[in-house]
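Colleague: Before I use these terms at the bench, I would like to hear what stands behind each of them.

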Amino acid sequence: MAKKKRLRLIAEMARKIRAYRELKSRPRDSERYALDYETMTRPLTGKKLPVLAWKDVRRETTLFSLLAGMRMFGVGRLFTRKSWLEEHKEPCYWKITKVKVDYTAENMDHGKAWGILTYKGKDEGSEQELDKVMYHDWRLVPKHEEEAFKLFEPVPEPPVRHVRYPPLLRAMLLAQQAKQLGIDASSLPEPSLPLKRDVLLSKEYFRSQEEKRKLEGTPV
């Protein structure tokens, strides 16, 4: 007869309490990303920013530094980044849909934001959390320039190119198809490999998995 498993309710409750205390004791974003502009170091970790970023950091502002001075924290407005303006000719911007402000931060310049991303003229469609909100290269698109900024005529995508399989792999594929169909391999069409990359897992997927592991207390 199998031994009945003991229910360790107190131990399970203690594990949940430890996980909750660990979660509450984690530093807030305002503490993690706090910056001493004189020494260009983060007080929490003592790490110094790259020298090439000092000039932009002293001159530019973070996303929440812009949102904090706006009505309804900029919900419904368009924001882009300096790097996008320099690297891409197509419009790249976020449309803010939801903001969660860290009210414990000085000047309320930290928090989390969600929006709809349009990258290289393509609308992602679904709401997702903005990443790199602490970077010093955010730009507000003026209200009277939004329509002109969003104006974009997409260039038709070129057709997917196909290449021939390597000889050994080609022979294996033809042999397998001939065996399944019960016909001669010479009568099958020539197999070709499409040169197209399909990304099934996005950054949002990995971020949600990491947050799920942190809540469950599972080591990464």
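Modeller: The turns below take the terms one at a time.

Modeller: This is a predicted model, in which local features need pLDDT of at least 70 and side-chain atom pairs count only at pLDDT 80 or more, while totals for chains, interfaces and linings use all residues. Residues are numbered from 1 along each chain as its sequence is written, and side-chain values use heavy atoms, with hydrogens and water left out.

Colleague: Why is His88 called buried?

Modeller: Buried means under 20% relative accessible area, exposed over 50%, and partly exposed in between, with a 1.4 Å probe and protein chains only. His88 has a relative accessible area of 15%, so His88 is buried. His88 lies in the loop between helix 5 (82-87) and strand 2; helices (H or I, at least four residues) and strands (E, at least two) are DSSP runs, numbered from the N terminus.

Colleague: What makes the pair His88 and Tyr119 a polar contact?

Modeller: The term asks for a pair of N or O atoms within 3.5 Å; within protein, one must be able to donate a hydrogen and the other to accept it, and residues adjacent in sequence count only if both atoms are side-chain atoms. The side chains of His88 and Tyr119 make such a contact at 3.0 Å.

Colleague: Why is Lys132 called partly exposed, and where does Phe73 stand?

Modeller: Lys132 has 36% relative accessibility, so Lys132 counts as partly exposed. Phe73 has a relative accessible area of 18% and is therefore buried. Phe73 sits in the loop between helix 4 and strand 1, and Lys132 in the loop between strand 4 (122-129) and strand 5. Phi is positive in both: near 55° for Phe73, a residue other than glycine, and about 60° for Lys132, which is not a glycine.

Colleague: How do you know that strand 1 and strand 2 pair?

Modeller: Two strands pair if DSSP finds at least two bridges between them. Strand 1 (residues 78-81) is joined to strand 2 by two bridges, and the strands run antiparallel. Leu78 has Lys95 as its bridge partner in strand 2, and Phe79 has Trp94. Trp94 in turn has Leu117 as its bridge partner in strand 3; strand 2 and strand 3 pair in the antiparallel sense over eight bridges. Strand 1 is also joined to strand 5 (residues 138-140), antiparallel, by three bridges, and there Thr80 is partnered by Arg139.

Colleague: Which way do the residues of strand 1 point?

Modeller: In a regular strand the side chains alternate between the two faces of the sheet. Leu78 and Thr80 point one way from strand 1, Phe79 and Arg81 the other way, and all are buried.

Colleague: What makes the open space a pocket rather than a cavity?

Modeller: On a 1 Å grid over the protein atoms alone, a cavity is a set of points where a 1.4 Å probe fits but cannot get out, whereas a pocket is an open set with protein on both sides within 12 Å along at least five of seven lines; lining residues have an atom within 4 Å of a point. The largest pocket holds about 1600 Å³ of space. Its lining has 43 residues, and Pro27, Arg28, Asp29, Arg32 and Lys112 lie nearest the centre of the pocket. Helix 8 gives the most to the lining, six residues.

Notes: Points joined across faces, edges and corners; volume = space filled by probe spheres on them.
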